[in-house]
Amino acid sequence: MSPDKSLVLLAGLAAVAWINWYFFVAGRRVVATAAASRNGVQEIAIEVQGGYSPPTVRVRRGEPVRLIFDRKETSGCSEEIVLPAFGIRKFLPAFSRTAVEFTPPDAGRFEFTCGMGMLRGTLVVE
């Protein structure tokens, strides 16, 4: 194999490794714990821009939860939030904050996604 082809192959493998690291590892260690507000509702803001930040949220079971999705883009993928375990599907207007309220009855790990299932986050109920 010529040196040029070897260099292109190595560059391609490095790009694939970086993309996998970026989408599956980077930022996934960030976990936010919802704080109780004065009225007893666990509330946390989640920024929506090419993904969810923080990507993982911890809340307590049996107590009301208010997730406030702050959508900072116009991408069609992020225009909807879906929490299938709780039967929630809600439109997120661009450049707006949208509250999603529910009370998780059981502990566990629950996924939330965009309407297309490409953006993913995790709700950890303890």
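How many residues lie between S7 and S8 in the hairpin that they form? In this predicted model, four residues separate the two strands of the hairpin, and Gly87, which is placed in the turn, has a positive phi of about 65°. The pairing of S7 with S8 is antiparallel and extends over four bridges, and within this pair Ile81 is found opposite Lys90 in S8.

The hairpin belongs to an open sheet of six strands, whose order is S1-S5-S11-S10-S7-S8 and whose pairing is mixed. At the edges of the sheet are strand S1 (31-33) and strand S8 (88-91), each of which pairs on one side only. On average, and with direction ignored, neighbouring strands of the sheet are turned by 20° against each other. Whereas S7 and S8 are antiparallel, S1 and S5 run parallel and are joined by three bridges; in this pair, Val31 stands opposite Thr56 in S5.

Several strands of the sheet also contribute to the largest nonpolar core, to which two or more residues each are given by strand S3 (42-48), strand S5 (56-59), strand S6 (65-71), strand S7 (80-83), strand S9 (96-102), strand S10 (108-114) and strand S11 (120-125). This core comprises 24 residues, and those touching the most other members are Tyr52, Leu67, Phe69, Leu83, Phe102 and Leu123. Such a grouping can be set beside a general tendency: in soluble globular proteins, nonpolar side chains tend to be buried together.

The surroundings of Leu123 may be described in further detail. When neighbours within four places in sequence are left aside, Leu123 is in contact with Val57, Val59, Phe86, Phe102, Gly108, Arg109, Phe110 and Phe112. Of these partners, Phe110 lies in strand S10 and, with residues up to four places away in sequence not counted, touches Ala85, Phe86, Gly121, Thr122, Leu123 and Val125. Phe86 thus appears among the contacts of Leu123 and also among those of Phe110. Although Phe110 and Val125 are 15 residues apart in sequence, their C-alpha atoms are 7.8 Å apart in space.

As regards the confidence of the prediction, the mean pLDDT of the protein is 88, and 87% of its residues reach 70 or more. Among the elements of the protein, S7 has the highest mean pLDDT, at 98, whereas strand S2 (residues 35-36) has the lowest, at 65. Where pLDDT is low, the predicted coordinates should not be read in detail.

Terms used
Residues are numbered from 1 along each chain as its sequence is written. This is a predicted model: local features need pLDDT of at least 70, side-chain atom pairs count only at pLDDT 80 or more; totals for chains, interfaces and linings use all residues. Side-chain values use heavy atoms; hydrogens and water are left out. A nonpolar core is a set of buried Ala, Val, Leu, Ile, Met, Phe, Trp, Tyr and Cys residues joined through side-chain atoms within 4.5 Å. Buried means under 20% relative accessible area, exposed over 50%, partly exposed in between (1.4 Å probe, protein chains only). Contact means heavy atoms within 4.5 Å. Two strands pair if DSSP finds at least two bridges between them. Axes are lines fitted to C-alpha atoms, for helices over the stretch in contact, and angles run from 0 to 180 degrees between N-to-C directions. pLDDT is the predictor's confidence in each residue, from 0 to 100.
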